[in-house]
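I opened a new page for this one and jotted things down as I looked them up. First the strands, then the chain contact, then the charged pairs.

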There are 2 protein chains.
Amino acid sequence: MERTERDATVMKALPLSKVYQLLEPGPVVLLTTVRKGRANVMTLSWHMMVEFEPPLVACVVSNRNYSFAALCATRECVIAVPAVELASKVVKVGNCSGRDVDKFAAFGLTPVPAGRVAPPLVAECFANLECRVVDARLVNRYNLFLLEVLKASTDPAQKHPKTIHHRGYGKFVVDGETIKLRSKMR
Amino acid sequence: MERTERDATVMKALPLSKVYQLLEPGPVVLLTTVRKGRANVMTLSWHMMVEFEPPLVACVVSNRNYSFAALCATRECVIAVPAVELASKVVKVGNCSGRDVDKFAAFGLTPVPAGRVAPPLVAECFANLECRVVDARLVNRYNLFLLEVLKASTDPAQKHPKTIHHRGYGKFVVDGETIKLRSKMR
């Protein structure tokens, strides 16, 4: 799924009420930040939904990660959701640090200006969530950030994306079949 | 996968260092509590890992859930991980409240005494994590609990369990193929 540059205009707005449907299944995601004009991207699996709408998301970004300081300082990020076709790039992003590498350039990921925050969207991802830090009380102790999703968009060209889920040490499970059960749960 | 009673002795201890491998992929789980001698169980998808070891887990249990008061009062729970064969029971558990129903009896789930906490394990689940609340600072505002996993066990009879991941309104994606990539990430 190599892709040339796409700009944000091809992205379709996603109602904020549907954001939880992207993150609740637990996919590996990318997280972008920008600081002093320099964008960075990391991989992230430790995230969860906290509220439906406005959508709140909790995530853990280790203070050993280069992105940690940018997230603390700017209080903005983008969560980008990659489909399985990006798996090898996702792992490469996770295997190195923004201290040493311009990861967008190194791995052929395309930063696209976001609408509400300074960090870029990732064009190759099928969904992008523009976030701002709304509560940092648990950052010191647990590296745990609470984010509000301000704007969400999806790539209509990616029809039925399958996400990847990390089981540790580079082992990922890919989405399989979908089942539908009669549920009263949202 | 109907199962008659199994007791905790058939469960195998899981090293605490491996707990994150169960939750990081984002499966739907069951959460048990007990209060005044009465055990209850709910479904939960809003959870994430916070630390590897000792394993810390964050989860959101709405104050609209009957389990909320028990978790606040006793500060103990068990997170039980069901395989896809239990999907219909998992949904039934989510469709009603412990206010009205003894869900263990109603849905044929078997409570098994835990080793470190009062809430029961769920015998039919392939993994059970005994947890205690270690930080309740974000409960008032976000219903967000921080748990430490004190003890973990798995059912050796369930060899390659596939988990389910909720996409909203009773739509679940089941684990598909596993891929292995060369990763430096734990």
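**Strand E10 of chain B**

I began with E10(B), which is mostly covered, with 10 of its 11 residues buried. Worth writing down at once: this is a predicted model.

Next I asked myself which strands pair with E10(B) in the antiparallel sense. Strand E1 (residues 12-13) of chain B does so over two bridges. There I found Lys12(B) opposite Thr154(B). E5(B) is another antiparallel partner of E10(B), over five bridges, and Ala58(B) sits opposite Leu146(B). Strand E9 (residues 127-135) of chain B also runs antiparallel to E10(B), and this pairing has eight bridges. In that one I noted Cys131(B) opposite Val149(B).

A reminder to self for viewing strands: side chains in a regular strand alternate between the two faces of the sheet.

**Where chain B meets chain A**

How many residues does each chain bring to the contact? I got 54 from chain B and 54 from chain A. The area buried between the two chains comes to about 5,300 Å², and carbon and sulfur atoms give 61% of that. Trp46(B), Tyr169(B) and Met185(B) supply 14% of what chain B buries against chain A, more than any other three residues.

I then looked at polar pairs across the interface of chain B and chain A: there are 24 residue pairs in polar contact, counting those with both residues at pLDDT 80 or more. Several elements of chain B give two or more residues to the side that touches chain A, among them helix H1 (19-23), helix H3 (87-94), strand E10 (144-154) and strand E12 (171-180). E12(B) gives the most, with 10 residues. By type, the residues on that side of chain B split into 26 nonpolar, 15 polar and 13 charged.

E12(B) made me check the strand pairing between chains too. Strand E12 (residues 171-180) of chain A and E12(B) run antiparallel and are joined by seven bridges. Lys180(A) stands opposite Lys171(B) there.

**Salt bridges**

How many salt bridges does the structure hold over all chains? The count is six, and two are found across the interface of chain B and chain A.

For the interface I wrote down Asp175(B) with Arg167(A), closest N and O atoms 3.0 Å apart. I also have Arg167(B) with Asp175(A), again with the closest N and O atoms at 3.0 Å. That pair crosses between chains, from Arg167(B) in the loop between E11 and E12 of chain B to Asp175(A) in strand E12 of chain A. Buried or exposed, I wondered about Asp175(A). Asp175(A) counts as buried at 6% relative accessibility, while Arg167(B) is partly exposed at 24%.

Within chain A, the side chains of Glu148(A) and Arg132(A) form a salt bridge, 3.4 Å from N to O. Glu148(A) lies in strand E10 (residues 144-154) of chain A and Arg132(A) in strand E9 (residues 127-135) of chain A, so this pair ties together parts that are 16 residues apart in sequence. I have Glu148(A) as buried, at 17% relative accessible area, and Arg132(A) as partly exposed, at 38%.

Last entry, within chain B: Arg137(B) forms a salt bridge with Asp135(B), with 2.9 Å between the closest N and O atoms. Asp135(B) is buried, with 7% relative accessible area, whereas Arg137(B) counts as partly exposed at 41%.

Notes. Residues are numbered from 1 along each chain as its sequence is written. Chains are lettered from A and ligands numbered from 1 in the order in which they are written. This is a predicted model: local features need pLDDT of at least 70, side-chain atom pairs count only at pLDDT 80 or more; totals for chains, interfaces and linings use all residues. Side-chain values use heavy atoms; hydrogens and water are left out. Contact means heavy atoms within 4.5 Å. Buried area is the accessible area (1.4 Å probe) that two parts lose on being put together, summed over both. A salt bridge is a side-chain nitrogen of Lys or Arg within 4 Å of a carboxyl oxygen of Asp or Glu. A polar contact is a pair of N or O atoms within 3.5 Å; within protein, one must be able to donate a hydrogen and the other to accept it, and residues adjacent in sequence count only if both atoms are side-chain atoms. Helices (H or I, at least four residues) and strands (E, at least two) are DSSP runs, numbered from the N terminus. Ala, Val, Leu, Ile, Met, Phe, Trp, Tyr, Cys and Pro count as nonpolar, Asp, Glu, Lys and Arg as charged, and the others, Gly among them, as polar. Two strands pair if DSSP finds at least two bridges between them. Buried means under 20% relative accessible area, exposed over 50%, partly exposed in between (1.4 Å probe, protein chains only).
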